[in-house]
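Reader: Could you take me through one part of this model in close detail? I'd like the charged side chains and how they pair up.

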Amino acid sequence: MNPRRILLIVGGGIAAYKACELVRLIRKGGGEVTCVVTEGGQHFVTPMTLAALSEKPVHTTLWDLKNEAEMGHIQLSREADLVVVCPATADLMAKMAAGIADDLATTLLLATNKPVMAVPAMNVRMWEHPATRRNVARLRDDGVTVLEPDEGPMACGEYGAGRLPEPEAIWQAITRFGSAGGLAANPLAGQPDFAGENHRPLHGRHVLVTAGPTHEPIDPVRYIANRSSGKQGFAIAAAAAAAGAQVTLIAGPVHLETPPGVDRFDVESAVEMLDAVESALPTDIAIMVAAVADWRAAECAGQKIKKDGSGEVPPLSLALNPDILASVAASPARPRLLIGFAAETDDVVSHAQAKRLRKGADWIVANDVSGPPGNSVMGGDDNAVHLVTPDGVEDWPAMPKDRVAAALVERIAAHCMKDDA
Ligand code: C5P
């Protein structure tokens, strides 16, 4: 994977605090980030905060001779793969559009030979002002990717377009620069690009996600479990929420934080998961990522089963669990797009194709979980999957689970757009 180096220019607006979360997400996604803060930006976030989060020196002025001798502003502007301006204030965009270079940030923006993405945030009147409309149009003509701001209540008390998009959505837009900017290869190259007008492509859709393992009780202290960590399902829930969907996440027992904007319901067993899923329906889309136990103890003892000293092992008889995916597929409330996962240890794709038909899912995302217990897929951060649809099979390269999630969500959004047309 190529290094992912982001030069982040933090402008002077109240939304600057969200740049801190963006730095964290870039780092978490395996990227490197170097921050430049304008004078205005420093009224909202300190260089110290950004330096601590990025673990790199933060640049604030053109006149820092030490930095100039060691690095130089031209080099700083060119050693990134992508320059991100976040928040891009009305003033900063006006200067960018006019080619003004009167501080470090604007000088870097004029000197760079790398793609530039601007993430605007400002009052709704400022965003709608003809001068800003002109500047945005000019910047887009010049090849700058200007994201659309979100709509909603603003820090100033007004309502409208101008809010900075959520950091998750910005991070996803950054990952889509993929091949063009020297970032990691984007498995969706050639697919519709949602980074422009329509970067919340699942807005108005309700997405149900199941994630994690189930625990099937044997007695009050013992249970049958599996090694699922829930990371892939949580990443998908996060990506769907960042794409604007209403997300209901039904989670088995995992140690993961609820992603921002996601409604989470915790369950233990397969039977509880089925109940929770049925209560969440109808939804537009369901993505069943949970590693549901196939069997449960036929009877759960009311008290801890004791060794009786005879050396005999107690009998453990199993009962079949409900197949949640198959039952959702057969339900009158079946979502229009139903996606299952398949963890296989051999003949991954052919088993997944058979599973798609047998369970009545539209797509299956298949992965190879062969390898020693605790291998890198079950519990790890990376995943290499095959997307099995009625149109065929795609083999995606190994990548972090949150990038698999982002890629899958883009696929889903593209499918929904086609479906609507
Ligand atoms: O049969 P298998 O466990 O390989 O199927 C995997 C797919 O089916 C996953 O999408 C999983 O969430 C779903 N599943 C389910 N209920 C089960 C077993 C699997 O929903 N009892």
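Author: Lysine 95 counts as buried, since its relative accessibility is 18%; buried here means under 20% relative accessible area, exposed means over 50%, and partly exposed is in between (1.4 Å probe, protein chains only). Just so you know what you're looking at, this is a predicted model, where local features need pLDDT of at least 70, side-chain atom pairs count only at pLDDT 80 or more, and totals for chains, interfaces and linings use all residues. Residues are numbered from 1 along each chain as its sequence is written, and side-chain values use heavy atoms, with hydrogens and water left out.

Back to lysine 95. Its side chain meets that of aspartate 91 in a salt bridge, 3.7 Å from N to O; the term stands for a side-chain nitrogen of Lys or Arg within 4 Å of a carboxyl oxygen of Asp or Glu. Side chains of opposite charge can pair when their charged atoms come close. Aspartate 91 and lysine 95 are about one helical turn apart, because they sit four residues apart in helix α5 (residues 90-98). Helices here are DSSP runs (H or I, at least four residues), strands are too (E, at least two), and both are numbered from the N terminus. Unlike buried lysine 95, aspartate 91 is partly exposed, at 48% relative accessible area.

Lysine 95 has another partner as well: its side chain forms a salt bridge with that of aspartate 102, at 3.4 Å from N to O. Aspartate 102 is partly exposed, with a relative accessible area of 47%. Put together, Asp91, Lys95 and Asp102 are linked in a network of salt bridges.

That network is part of a longer list, as the count by this rule comes to 18 salt bridges. Another one of them joins lysine 231 to aspartate 381, with the closest N and O atoms 3.0 Å apart. Lysine 231 belongs to helix α11 (residues 231-242), while aspartate 381 is in the loop between β17 (363-368) and β18 (382-383), so this pair ties together parts that are 150 residues apart in sequence. As for exposure, lysine 231 is partly exposed, with a relative accessible area of 28%, and aspartate 381 counts as exposed at 52% relative accessibility.
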